[in-house]
Structure formats: structure tokens, C-alpha cells
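Me: I would like to learn how to read a few features of a protein model, beginning with the backbone and ending with the whole chain. Could you take me through them one by one?

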Amino acid sequence: MKAEGYSALHEFWINLRGIPNHVYRAMFRGGPPKTDRTRSSFIFGNVFLHLHSVRTHLWSLRWSTTMGLGIMTTAAFLITLVTGILLMFYYKPYPDVAYQSIKDIHFIVPTGRFMRNIHRWAANVMVVAVILHMARAFYTASYRKPREFNWFIGWGLLVTTLGLSFTGYLLPWDQLAYWAITIGANIAQSPREITDALGITAWADIGGLQREILLGSDKVGEEALIRFYLLHVMILPLTLVMLMAVHFWRIRKDGGLAKPENADELVGQEAKEFYPVFTDAPTKTYHLAAVVKGKTPAVGSGPEHTVPSMPHLFYAELGVLMLTTLICVGLAFVSDAPLKELANPLVPENPAKAPWYFLGLQEIVSFSAFMGGIGIPMLCVIGLGLIPFLDREKEGTGEWFGGPGGWKLVKWSAVVGFAASIGVEAFAIHFGWLREWFPDIPQLFITFINPGTVLTAIYAAYSIWAVRKYNSTRAGALALFTCFLCGFIVLTMIGTYFRGPNWDFFWSPSDWGGH
């Protein structure tokens with residue numbers, strides 16, 4: 001029965017005009033969040049935001065606490081995800097058409113070059129951000145109890161991110177990609193350096209098995225391209241999403257970001273606006289459920305010195321997301337993703353270089369494939385994973401460079417880290433190494449005594465000195481982590497800018513000459 005003066009057709013017209021407003025209300029039922037209660041509901045009721053805590057401590061909102069590196073990593077991943085899906089519409093993962101499809105994307109598909117550039121730069125931003133994010137977590141001792149498991153998850157995110165970027169390197173199927181992956185395959189095969197020296201390769205070819213698993217064949221070909229494509233577009237992204245979900249969830253369940261013990265005092269006058277909710281005196285209750293103090297970090301933490309995550313944290317995250325997008329788009333405008341000639345197994349690149357984040361390892365690989373590609377990286381990865389269980393101290397948790405030694409130790413460690421890496425490299429480049437001095441020396445000597453192992457030994461000795469001087473495992477960890485970070489920077493710079501044809505040292509690429 002229609003109201004007097006209104007026909008069904010008139011009502012239909014009114015409903016049609018009101019569709020945008022009704023759709024908006026259906027999506028945002030509570031209206032704009034204006035009170036603490038509706039702000040809490042905004043977080044609770046949102047499928048993407050419910051991993052956040054309803055309230056955020058003022059210390060965690062400080063720019064200097066995290067520098068937004070975790071959110072920047074997430075934002076870069078989302079950008080690569082969106083642009084990667086767009087590129088998948090045009091990319092064909094077969095050797096005979098892969099290169100042509102990339103050329104089509106680059107030169108024919110509308111905005112294709114721009115999408116590829118953004119995809120490439122977002123991937124690089126993601127690698128940089130995840131490395132810096134892990135460094136931030138280390139230097140603020142955020143790996144300590146109860147966050148040990150989340151440190152493991154972060155470690156997994158770093159490895160998965162590097163794997164994601166590396167597997168995408170082959171997809172253009174050009175000379176750069178083909179020979180970079182060939183280097184990676186040779187590194188996977190590097191245990192053969194040991195088995196050959198021991199004369200057991202015929203019975204236990206671990207290196208050959210690893211190469212076979214990586215490539216699906218004994219050479220970089222169709223099987224390798226399909227494997228890398230599947231890893232890049234499906235397996236590793238899914239792994240990354242699952243790890244990120246657990247990572248965010250654990251941050252909340254572990255009581256938010258790590259904070260200094262006196263964080264409430266450090267946030268200053270802002271604390272006066274808030275009131276205590278939890279008291280030490282227990283209150284008897286007859287309800288079926290009650291909020292009580294317990295062992296979980298979040299239990300017993302009242303809203304003192306906190307603000308609603310909506311809008312404070314939400315807007316901060318949006319700001320970092322926009323900044324990351326701006327950086328990626330800006331870089332995409334000024335620098336194109338590389339695309340060289342079609343991959344040709346008969347014409348090797350000289351020099352053939354791995355992705356920039358592996359060039360430090362490639363520098364060590366040039367002295368020993370096994371120690372550079374397997375031995376030292378495994379030591380670093382295992383050492384990173386064990387940090388929370390070796391450092392059980394509490395001093396300095398949540399503080400930048402906190403713990404015995406502090407900032408002064410980190411500065412001296414940086415000096416030692418840079419000086420040792422530059423010194424060892426300069427010596428090896430100028431005077432050569434054991435093979436040049438003793439041509440008949442057994443390969444096992446070269447494998448275990450090379451610039452990479454010497455540098456690792458110097459760093460380890462300095463770390464032991466720091467442990468003894470400060471009587472602290474945290475001090476040793478600060479020294480060792482800083483040294484390796486500096487060594488990574490120096491070796492990456494040398495591999496990127498100072499290594500030319502035949503991996504010889506040049507002060508400038510202009511000195512390379514013809515080859």
C-alpha cells in the first residue's frame with residue numbers, strides 16, 4: 001500500500017536516487033567515529049584493522065620509535081601485489097614468448113612501462129625497508145621476551161622477501177636475468193667445492209641436488225622459468241601474507257611495540273589527560289567473565305598514556321602508505337626497469353651480476369663459492385635467529401642502542417666494521433690471495449681461509465672482546481650485528497660499482513674498456 005500521493009514508480013525513483021547514500025550506510029553503519037566507543041568499534045568491526053589494538057601507547061606513535069618501517073614494508077608489498085597482478089594480464093611465462101611479452105608491456109601496453117617501473121621500485125623499496133625494519137627491531141632490543149617468536153617471524157619475512165625479489169629477477173628472460181640466475185644456481189651448487197675436494201661428489205653431490213631442485217634441470221631453461229614464476233606469483237606471496245598476519249597478530253598479543261620501562265614518564269605532560277582504570281586492589285565480581293591481571297603483557301595494562309588507534313595510528317599508517325607510494329611513483333618516473341637483450345646461453349654477460357642485495361655475497365663468492373654462497377650466509381641467518389635466546393638481559397629494552405655499551409659501542413663497532421671490511425678487501429685486491437701465491441695449494445685451504453672467513457673471524461673476535469669488556473651478551477650482539485651491517489654495505493658497494501669484466505676491480509665503470 002503506497003502513501004497517498006506517491007506511486008510505486010515515484011518511490012522507485014526515490015530509492016534509485018538514494019542508492020549511494022544507502023550503500024555508504026550499509027558499509028559504514030555506525031557513522032563517523034566521534035567517541036572513544038565508536039572509534040573502538042571502528043577497529044573491532046573492520047576486517048583489515050581488527051589486528052590492531054583498540055588503543056595505542058603514545059610512545060609507539062612517536063616517529064623515532066619505529067620510523068614507520070614496518071608499515072612501509074607492508075605498503076611496498078601491497079604496491080607490488082597490485083602492480084604484479086596487472087602485469088600478469090600480459091606476461092607469458094614461457095622462454096619463447098616471455099621476453100616478447102615484457103617488451104610488449106614496456107613499449108605497447110598503455111601505462112605498461114609505468115606499471116612495471118612501479119613494480120620494480122616497490123620491490124626494491126620493500127627489500128630496503130625490511131632490512132632496516134629488522135635493524136630497528138634489533139637496535140631497540142625488541143626481540144626479547146615475550147617477543148622471541150615474533151623475531152622468528154620477522155626473520156622469515158626477511159628471507160621470504162629476498163626470495164620473492166630474487167624469483168622475480170628471472171621473469172623478463174633477458175641477458176641480465178638469465179646470467180644473474182645462473183650465478184644463483186652456481187651458488188646453490190657450491191657445496192660441490194667441498195665434495196670435489198674430498199673426492200666424494202660421485203656418491204654425495206649435495207650441490208648438484210640443490211641446483212636441480214632450484215632449476216628443475218641442470219641448466220636455466222623452461223623448467224626454471226615456470227618454477228620461478230610459480231614461486232613469485234603464488235607460493236611466496238601466500239607465505240608472506242600468512243607470515244605478516246601472524247607478525248601483526250603477535251605484536252598485539254605481545255603487548256604492542258617494545259617500550260622502555262619508563263615510557264610513561266617519557267611521554268611527558270600528555271599523560272595527565274588520562275585516568276587510571278586498573279588498580280592493584282582486586283574487585284570481587286559475580287559475573288561469568290571479568291578482566292583480571294595475568295601474565296599476558298596486555299593484561300593489566302589500562303588505557304593510561306594511550307590514545308584510540310582510530311584516528312591516531314590509522315592516520316599515521318595512511319601517511320606512511322602515501323609516502324611509500326609517492327617514493328615508488330617518483331622513482332618510476334625517473335628510472336625505467338632494465339631490459340637488456342634476449343637471454344642467450346651462448347653469450348655470457350661480463351660481468352654477470354646478481355641483484356644488488358646479493359652483490360656483497362657475490363664479492364665473497366669470487367673468493368670461495370661455498371663460504372660466500374652457503375657457509376657465511378648460513379652463519380648469519382642462524383645467528384640472527386638465535387639472538388633472542390642468547391641475549392636474556394633486560395637493560396635497554398625498547399630503547400635505541402639500549403644496553404651495556406649503548407650508542408658509544410655501536411659507533412666504535414661501525415668504525416671497526418667499515419675499517420676491517422675495507423682493509424681486508426683492499427689487501428685481497430692489491431696483493432691477491434692464497435691461489436695467486438701458492439698455485440698448488442689444496443682447494444680446502446682456499447675454501448676456509450679467504451677474505452670472507454678472515455673478515456668473519458675479525459668481527460667475531462671483536463664481538464667476544466665486547467662481551468668481556470662490558471660483561472654483557474647484549475654488548476657482544478650490538479658489536480657483531482653492527483660489524484656485519486657495515487661489512488654488508490662495503491661489500492655491496494664494491495660489488496655494485498667497482499667490479500667490472502672478469503670481476504676485476506675498477507675505480508670507475510668508464511675504465512672497463514671493450515670486451
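Me: Where is the place of Pro351?

Reply: In this predicted model, Pro351 sits in the loop that runs between helix H15 (312–334) and H16, and the peptide bond leading into Pro351 from Asn350 is cis, with omega near 5°.

Me: Which peptide bond has omega near 10°, and where does Pro146 lie?

Reply: That is the bond from Lys145 to Pro146, again a cis one, and Pro146 belongs to the loop between helix H8 (112–139) and helix H9 (148–168).

Me: Phi is the next backbone angle I would look at. What is the phi of Ala141, and is Ala141 buried or exposed?

Reply: Ala141, found like Pro146 in the loop between H8 and H9, has a phi near 55°, which is positive although the residue is not a glycine. Its relative accessibility is 1%, and because buried means under 20%, Ala141 counts as buried.

Me: And how should I read Thr111, which also has a positive phi without being a glycine: is Thr111 buried or exposed?

Reply: Thr111 has a phi of about 60° and is found in the loop between helix H7 (95–107) and H8. With a relative accessible area of 54%, Thr111 is exposed, whereas Ala141 is buried.

Me: How does one look for enclosed space, and how many cavities of 30 Å³ or more does a search of the whole structure find?

Reply: The general idea is that a probe the size of a water molecule, rolled over the atoms, shows where empty space is left. Here the search of the whole structure finds one cavity of 30 Å³ or more, and about 50 Å³ of space lies in the largest cavity.

Me: Which helices each supply at least two residues of the lining of the largest cavity?

Reply: They are helix H16 (359–365), helix H18 (406–431) and helix H21 (451–470); the lining residues include Glu363, Phe367, Val424, Pro451 and Leu491.

Me: Turning to the whole chain, what share of the residues is buried, and what share of the contacts between residues at least 6 apart in sequence joins residues at least 24 apart?

Reply: The protein, which has 22 helices and two strands, has 43% of its 515 residues buried, and the share of those contacts is 77%. About 28,500 Å² is exposed, with carbon and sulfur atoms supplying 68% of that area, and the mean positions of the 41 positive and 36 negative charges are 10 Å apart.

Conventions
Residues numbered from 1 in each chain as written. Predicted model: local features only at pLDDT ≥ 70, side-chain atom pairs only at ≥ 80, totals over all residues. Heavy atoms only, no water. Helix = DSSP H or I, 4+ residues; strand = E, 2+ residues; numbered from the N terminus. Buried < 20%, exposed > 50% of the residue type's maximum accessible area, 1.4 Å probe, protein only. Contact = heavy atoms within 4.5 Å. Areas by Shrake-Rupley, 256 points an atom, 1.4 Å probe, with all protein chains shown as cover. Lys, Arg positive; Asp, Glu negative; His and termini not counted. Charge placed at Lys NZ, Arg CZ, Asp CG, Glu CD. 1 Å grid on protein atoms, 1.4 Å probe; cavity = no way out; pocket = protein on both sides within 12 Å on 5 of 7 lines; lining within 4 Å. Points joined across faces, edges and corners; volume = space filled by probe spheres on them.
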